[in-house]
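Here's a quick briefing to read with the model open beside you. Take it one topic at a time and find each piece as you go.

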Amino acid sequence: MEDIPVDVGLIYEGERIRKSSMYVDLAGPKSKGAELLLVVPPDEVEDGKVEVVGPDVDQMEEGGRYPFGILIKVAGEKLEEDLEGVFERKLHYFCNYIQGFMHLNSRDIIWCRISKDAAKKGLKLYHVGKVLVNLYKSEFDVIEKIQVTFYTDEKAVDEHIARAREVYEKRDARASAIKDEDVDVFYSCLLCQSFAPTHVCAITPSRSGGCGAVTWFEGRAAVKVDPSGPIGEIPKGEVIDPVKGEYSGINEYVREKSNGTIERVYLHSLFDYPHTSCGCFEAIAFYIPEVDGIGIVHRDFHGVTPFGIPFSTMAGQVGGGVQSQGFLGISIAYLRSPKFLQGDGGWRRIVWMPSQLKERVRSAIPQEMYDLIATENEAQDLDTLRKFLEEKQHPVLERLKAEEAKEKAEEAPEEEQPAATMPELTVPVQAGAGAPVEFTITFKNAKIYAEKIIIRRKE
Ligand code: SF4
């Protein structure tokens, strides 16, 4: 490998570059970008070539923020298109081996950062490309040729994002053509165990990995070329609950790979045994008890959810490989799954999502539900959300009213019991030095039942 001005190794994987030590930001929430890996015919790849379209790091201003695209083309006799997502996901890990280079997220929500130290040592995108060429070829024998292109020129980045999104759509559409019941084997991905040790992604035809990069087809292709790699087979086993998506094979596998921490998993529900969330999910589905509905927020949304907190705060509470009741890290592709949260009522339970995301998955939302789902434009908090849902007569209200009526019935006093009244109070109370003191106790919203009421005349 050519001289690289910084170290490269597994030990840098967890390196975080804080704002104070940042030289430049590439893509990220306040800019734009995308990563894409394509399997192409050998004559379309110039092996080892690294190109930067737009300014490289040495031509960027310190403290700047730049749009950023990564395109990797690979070729090899044994390669197939289904491997693209798996190899693309590896980009995250390989980039993070580079000292002073940080890569977060996936697909068109990537966020990269170069540290001041690395820039001072002379690290350029050209070097990052050379490292990637080397790591991909040394880890995957099946890659015979590889070429890396970085885009930092805004127009080139825009074109790259548009092309990348078309490819993502195509991959996701292919995955949604089959269902969980059509196959005998599911796949698992353990890539994120490096930072979420109990997280095991169960990848089925109806549920892609949380990052969105690994679908069932990609899992199958990955196992073929790298049987001992981070992606493995999960025998399906018995169907325990076809609606919530519980399978004995997944339970056994997850129990083993999480060292006994996770016992059971529902693929299609937020409750009881939700799938674990790692940290690089594209979106979060979250339960809103006040309306008994479910909201969805994605990484690109910078406003606040009706809970008054943004995606980043919620993500901090949900990730890390734990099962969080009422919260679930998901891929955008999962919103298009025919089994999307079917254990909880599916789209009929969705009450809120950012307008941009709603538009993006418009075709997946049942027509009769589209106008009933609030966005940040109609509901900014729980009060405005409830008002919107009432105006629209959202189906969750039926559930909510039924629940409230049930609770009321359960709490109602038996007929022979007297109505709520004052509790027995012993006044005046002897306080302090023995002087009688009168005081009033006010009960607000309290239900009080008594077998007998005694009213005494005040002496
Ligand atoms: S989110 Fe899941 S599928 Fe994606 S890299 Fe992590 S473990 Fe693998």
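Before we start on the ligand, one definition: a residue is near a molecule if its C-beta atom, placed from the backbone, lies within 6 Å of it. Keep in mind, too, that this is a predicted model. The chain has 459 residues, and 44% of them count as buried. Its secondary structure comes to 11 helices and 19 strands.

**Around the ligand**

- Which residues surround the ligand? Cysteines in the shell are Cys189, Cys192, Cys201, Cys211, Cys278 and Cys280.
- The shell also holds Arg89, Leu191, Gly209, Gly210, Ala213 and Val214.
- Sorted by class, that gives nine nonpolar residues, two polar ones and one charged one.
- In this sorting Cys counts as nonpolar, Gly as polar and Arg as charged.

**The overall wiring**

- Take the contacts between residues at least 6 apart in sequence: 71% of them join residues at least 24 apart.
- Val157 and Pro67 show what such a distance can look like, being 90 residues apart in sequence but 6.5 Å apart in space, C-alpha to C-alpha.

**The sheet S2-S5-S8-S3**

- Here four strands make an open sheet with mixed pairing, in the order S2-S5-S8-S3.
- Its edges are strand S2 (33-39) and strand S3 (50-53), and each of these pairs on one side only.
- From one strand to the next, the twist averages 10°.
- S2 and strand S5 (residues 68-75) run parallel and are joined by seven bridges.
- To spot one pairing yourself, look at Glu35, whose bridge partner in S5 is Ile70.
- Helix H3 (residues 125-139) packs on this sheet and touches S3, S5 and strand S8 (145-151). The direction of H3 makes about 150° with that of S8.

**More on helix H3**

- H3 has 15 residues and spans 21 Å from its first C-alpha to its last, close to the 21 Å expected at 1.5 Å a residue.
- Which residues of H3 are buried? They are Leu125, His127, Val128, Gly129, Val131, Leu132, Val133 and Leu135.
- The cover over those buried residues includes S3, S5, helix H1 (84-96), S6 and S8.

**The S6-S7 hairpin**

- Strand S6 (residues 101-104) and strand S7 (residues 111-115) are antiparallel partners, with four bridges between them.
- Across this pair, Met102 stands opposite Arg113 in S7.
- Together S6 and S7 form a hairpin with six residues in between, and Asn105 in the turn has a positive phi of about 70°.

**The sheet S16-S14-S15-S17**

- This is another open sheet of four strands, in the order S16-S14-S15-S17, and its pairing is mixed.
- Strand S16 (327-330) and strand S17 (350-352) are the edge strands, each pairing on one side only.
- On average, neighbouring strands here are turned by 35° against each other, direction ignored.
- Two bridges link S17 with strand S15 (residues 293-298), in the parallel sense. For Gly295, the bridge partner in S17 is Trp352.
- Helix H7 (residues 311-318) lies across strand S14 (283-288), S15 and S16, at about 85° to S14.

**Helix H11, out in the open**

- H11 (residues 396-411) has 16 residues and reaches 22 Å from first C-alpha to last, close to the 22 Å expected at 1.5 Å a residue.
- Why does H11 lie largely in the open? The number of buried residues among its 16 is one, so H11 lies largely in the open.

**Three residues to zoom in on**

- Is Val157, in helix H4 (residues 154-175), buried or exposed? Val157 counts as buried because it has 24 C-beta neighbours inside 10 Å, and the cut-off for buried is 20 or more.
- Beyond its neighbours within four places in sequence, Val157 is in contact with Lys32, Gly33, Pro67, Phe68, Gly69 and Tyr151.
- Asp272 sits in the loop between helix H6 (248-257) and S14. Its phi is near 65°, a positive value in a residue other than glycine.
- Asp272 has 12 other C-beta atoms within 10 Å, so it is exposed.
- Gln393 also has a positive phi, near 55°, and is found in the loop between helix H10 (382-392) and H11.
- Gln393 counts as exposed because it has 9 C-beta neighbours inside 10 Å.

Conventions:
Residues numbered from 1 in each chain as written. Predicted model: local features only at pLDDT ≥ 70, side-chain atom pairs only at ≥ 80, totals over all residues. Pairing = 2+ DSSP bridges. Axes fitted to C-alpha atoms, helices over the stretch in contact; angles between N-to-C directions. Contact = placed C-beta atoms within 7 Å. Expected span 1.5 Å × (residues − 1).
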